[in-house]
Amino acid sequence: MAFMLSWMLKCPKCSRNFTHTKIEPSIIEEARRDPFGILPKPTFALDGENYTCPGCKTESVFQRQQLFYHDDIYDVALRP
Ligand SMILES: [Zn+2]
């Protein structure tokens, strides 16, 4: 695999995107076989989790639904 996908979070203070977790190639392969191409999100604590922005060093609480990935790369990865 030449590409590497990551779940990203956006800092609410400085709007910088930073990596939450790397997505394993095996998980991407599974999503490619899924008819809906759904990439399962990492689990989060119910009341959110704290992460520190590498840009402005501000710690913020994030919810699971705030995770996102780079759509354009993902589209390329899913196309046969
Ligand atoms: Zn920041």
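How many helices and strands does the chain have? There are 2 helices and 4 strands, where helices (H or I, at least four residues) and strands (E, at least two) are DSSP runs numbered from the N terminus.

**View 1. The whole chain at a glance.** This is a predicted model, in which local features need pLDDT of at least 70, side-chain atom pairs count only at pLDDT 80 or more, and totals for chains, interfaces and linings use all residues. Residues are numbered from 1 along each chain as its sequence is written. Following the sequence, you will meet the pattern β-β-α-β-β-α. Of the 80 residues in the chain, 8% are buried; a residue is called buried if 20 or more other C-beta atoms lie within 10 Å of its own, exposed if 12 or fewer, and partly exposed in between, with C-beta atoms placed from the backbone. Among contacts between residues at least 6 apart in sequence, 53% join residues at least 24 apart. Here, two residues are in contact if their C-beta atoms, placed from the backbone, lie within 7 Å.

**View 2. The hairpin of β3 and β4.** Look for strand β3 at residues 49-52 and strand β4 at residues 59-62, which pair in the antiparallel sense over 4 bridges. Two strands pair if DSSP finds at least two bridges between them. One of the partnerships to find joins Thr52 to Glu59 in β4. Between the two strands of this hairpin there are 6 residues.

**View 3. Lys57 in the turn.** Staying with the hairpin, this view picks out Lys57, in the loop between β3 and β4. Lys57 is not a glycine, yet it has a positive phi of about 60°. Is Lys57 buried or exposed? Lys57 is exposed, because 10 other C-beta atoms lie within 10 Å.

**View 4. Ser15 between β1 and β2.** Next comes the loop between β1 (5-10) and β2 (17-23), where Ser15 has its place. Ser15 has a positive phi of about 65°, although it is not a glycine. With 10 other C-beta atoms within 10 Å, Ser15 is exposed.

**View 5. Phe68 and Thr19.** Our last stop is Phe68, in the loop between β4 and α2 (71-78). Phe68 counts as partly exposed because it has 15 other C-beta atoms within 10 Å. Which residue should you look for alongside Phe68 in this view? Try Thr19: the two are 49 residues apart along the chain, and their C-alpha atoms are separated by 9.7 Å.
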